[in-house]
Amino acid sequence: MDTSAYLKSHIRTVPDWPAPGVQFRDITPLLQNPKVFRVLIDAFVHRYMERALRPDVVAGLDARGFIIGSVLAYELGVGFVPIRKKGKLPFTTVEETYELEYGSATVELHTDAVQPGDRVLLIDDLIATGGTMMAGKKLLEKLGAVVTEGAAIVALPELGGLDRLQAAGLALNTLVSFEGH
């Protein structure tokens, strides 16, 4: 079984959560099994060990991007920076607001999280509409960083996020794709 199929077989689908008609893709089984978690992390590590793709910093999106991103940064020997929901960071921040299906949300980043010219890998657990990742990209670019790639475990292509992010010039790496949402 290839890596993508192996990981996909360990992602739980929860029907009608958080709303009727939604098929929630739950990654917690990937994290609970040490062998599966190792395969997941190694898939990212092997890609980003390549000199051309190696970041200076890994930025993880709140909250599941913290889990994967911090372990990946550790394995690569680079720094990790969290991009948090508004009001969670204690130091001076920059912020970016983005639209959700019903309303909006804001994410923040410490102003000293990255330096101009830093090559940053932006990571989250899932790409759906792409709003959170786009906001993270804009935050990092406000501080002068270069987002070299966006990465996620799961892609939900029908929701348009992959196309939206690629149209904005962001290269993407996802490990598993699910049709439908």
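## A partly exposed aspartate, two cis bonds and a pocket

Asp16 counts as partly exposed because its relative accessibility is 48% (buried is under 20% relative accessible area, exposed over 50% and partly exposed in between, with a 1.4 Å probe and protein chains only). This is a predicted model, in which local features need pLDDT of at least 70 and side-chain atom pairs pLDDT 80 or more, while totals for chains, interfaces and linings use all residues. Residues are numbered from 1 along each chain as its sequence is written, and side-chain values use heavy atoms, without hydrogens and water.

Asp16 lies in the loop between strand 1 and strand 2 (strands are DSSP runs of E with at least two residues, helices runs of H or I with at least four, numbered from the N terminus). Its phi is near 60°, a positive value in a residue other than glycine. Most residues other than glycine have a negative phi, and most peptide bonds are trans.

Here are two cis peptide bonds, with the place of the second residue of each:

| Cis bond | Omega | Place of second residue |
|---|---|---|
| Trp17 to Pro18 | near 10° | Pro18: loop between strand 1 (12-15) and strand 2 |
| Asp62 to Ala63 | about 0° | Ala63: loop between strand 3 (57-61) and helix 4 (64-76) |

Now to the lining of the largest pocket. How many residues does strand 7 give to it? Strand 7 gives four, the most of any element. Strand 2 (23-26), strand 5 (93-100) and helix 5 (131-142) are also among the elements that give two or more. By class, the lining has 17 nonpolar, six polar and eight charged residues (Ala, Val, Leu, Ile, Met, Phe, Trp, Tyr, Cys and Pro count as nonpolar, Asp, Glu, Lys and Arg as charged, and the others, Gly among them, as polar). A pocket here is an open set of points on a 1 Å grid over the protein atoms alone, where a 1.4 Å probe fits, with protein on both sides within 12 Å along at least five of seven lines; lining residues have an atom within 4 Å of a point.
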